[in-house]
Amino acid sequence: MTIKVGILVAAAGSLLAGCVSLPATRGAGDVQKLVASRSAVAASAALGTTTSSDPRLEKLLAGPLDADAAVRVALVGSPQMRVLFAELGLAQADGYDATRLSNPSLGYERLSSSAGGTQTTWSLTQGFMEVLFARYRNRLGRFALLEAEQRVAHGVLQFESEVRAAWLDHAVTRQMARLRSGVARAAQVSAELAQRFHEAGNISALQLAREQAAASAALIDVRNQEAEVAAARSTLLALIGVEDGPGITLLDRLAQPAPLQSDLASLQALALQQRLDLQALRTNAEWSESQEAFGARWRWLTGLAVDLSRERDADGSTLKGAGVSLELPIFNSGRGRTLRVAALREMASAVLRSAELHAMADIAASYAAFKTAEQNAVEYRERL
């Protein structure tokens, strides 16, 4: 399926005016817009512009890091962010290639006759089906880029959630370490007092041994908890892309948890509307439906060629001609392609529905866990 003519190749350029181009930031600006309404911290960061030695890190690390500051450091310095936007760059490259015509091939042929003359033929070959469906291929590229941007934006928000969870884990382990340290000090004082009581004959050796064992157990708990603090600190710093050092200060103050104002149904509806991973799946499902309709409409057109050529014979005469060829769908009617795109559409729809159900289930589980934790906090604060 070829076309040998420079004029038609030039005319194809008009069909490519709306093709996907490569933005300077590789789509990071569109990702920024997607996260802007979902995270104030991520919205304030210059996403997609980080490097391994970003000068902003020094300023961010100069002060103690609360949860928001840890997220800002991660968005600037974490290698995981660079991986995310590298994936976006790959999607940009694929979208760019998908909307461009393949390069034409220039052909030249020179034949010599036994009589001493020569015959020359010039040709320029270009796939014609690409020209015919250029607008469709451009739409394909835009769907693919939108899905990639939605997936990367979801990755940014998910990464922020992981950083906040790691910071919270570190803060909790440090507070538990202080609590266990206090318990250990009290147990040691109790053991020293028990020693005096034993020397005075007021308690038995067994009672003294129990007090001393309790003090030793409390000291072991302190050491184990300190190991957990070190592990949580290392996990957090590795996640945000920072090497540990004496100048890195992590806060561990936990704010009073705010009561949950929304009901379960409202949260589930918000998740279905706002979650970017679901939006990416909807984009894929929409594209699959479009692809199925396109395939059903054009499945009979499997091969089309237009040929214009110019040939100069050995006697100096010039031959010009034109021809059209159409592939006949006798042995392959395109039914396999139709079934394939229909199956892909069904799969995309099923994957989307499954993701929506899992999202609602996750919200329900998190809602129940939050309500339980809220009630437990009241019990600890007001009674226990």
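Visitor: What makes Gly-201 stand out just after helix 8?

Guide: Its backbone. In this predicted model, Gly-201 has a positive phi of about 85°.

Visitor: How do you know that helix 8 reaches close to its expected span?

Guide: Compare two values. Helix 8 has 66 residues, and 1.5 Å a residue gives an expected 98 Å. From first C-alpha to last, the model gives 96 Å. The span is therefore close to the expected one.

Visitor: What makes the largest nonpolar core a core?

Guide: Burial and contact. Its members must be buried, under 20% relative accessible area, and joined through side-chain atoms within 4.5 Å. The largest such core has 43 residues; Leu-47, Leu-75, Phe-85, Val-156, Val-163 and Ile-240 touch the most other members. Helices 2, 3, 5, 6, 8 and 9 each supply at least two residues. Helix 8 gives the most, with 10.

Visitor: Which residues does Val-163 touch, leaving out those up to four places away in sequence?

Guide: Ala-70, Val-71 and Ala-74, along with Leu-236, Leu-239 and Ile-240.

Visitor: Which residues does the second core include?

Guide: Ala-184, Ala-187, Ala-191 and Val-222 are among its 6 residues. This core is separate.

Visitor: Why is Tyr-108 called partly exposed?

Guide: Its relative accessibility is 46%. Buried means under 20%, and exposed means over 50%. Tyr-108 falls in between, so it counts as partly exposed. Its place is in strand 2, residues 105–112.

Visitor: What makes the nonpolar surface patch that includes Tyr-108?

Guide: Leu-106, Tyr-108 and Trp-122 make it, over about 400 Å². A patch residue needs over 30% relative accessible area. At 46%, Tyr-108 therefore passes that cut-off.

Note on methods: Residues are numbered from 1 along each chain as its sequence is written. This is a predicted model: local features need pLDDT of at least 70, side-chain atom pairs count only at pLDDT 80 or more; totals for chains, interfaces and linings use all residues. Side-chain values use heavy atoms; hydrogens and water are left out. Buried means under 20% relative accessible area, exposed over 50%, partly exposed in between (1.4 Å probe, protein chains only). Helices (H or I, at least four residues) and strands (E, at least two) are DSSP runs, numbered from the N terminus. Contact means heavy atoms within 4.5 Å. Patches are made of residues with over 30% relative accessible area and no salt bridge: like charges are joined within 9 Å, nonpolar side chains (Val, Leu, Ile, Met, Phe, Trp, Tyr) within 5 Å. Accessible areas come from the Shrake-Rupley method with a 1.4 Å probe; for residues, only the protein chains shown count as cover. A salt bridge is a side-chain nitrogen of Lys or Arg within 4 Å of a carboxyl oxygen of Asp or Glu.
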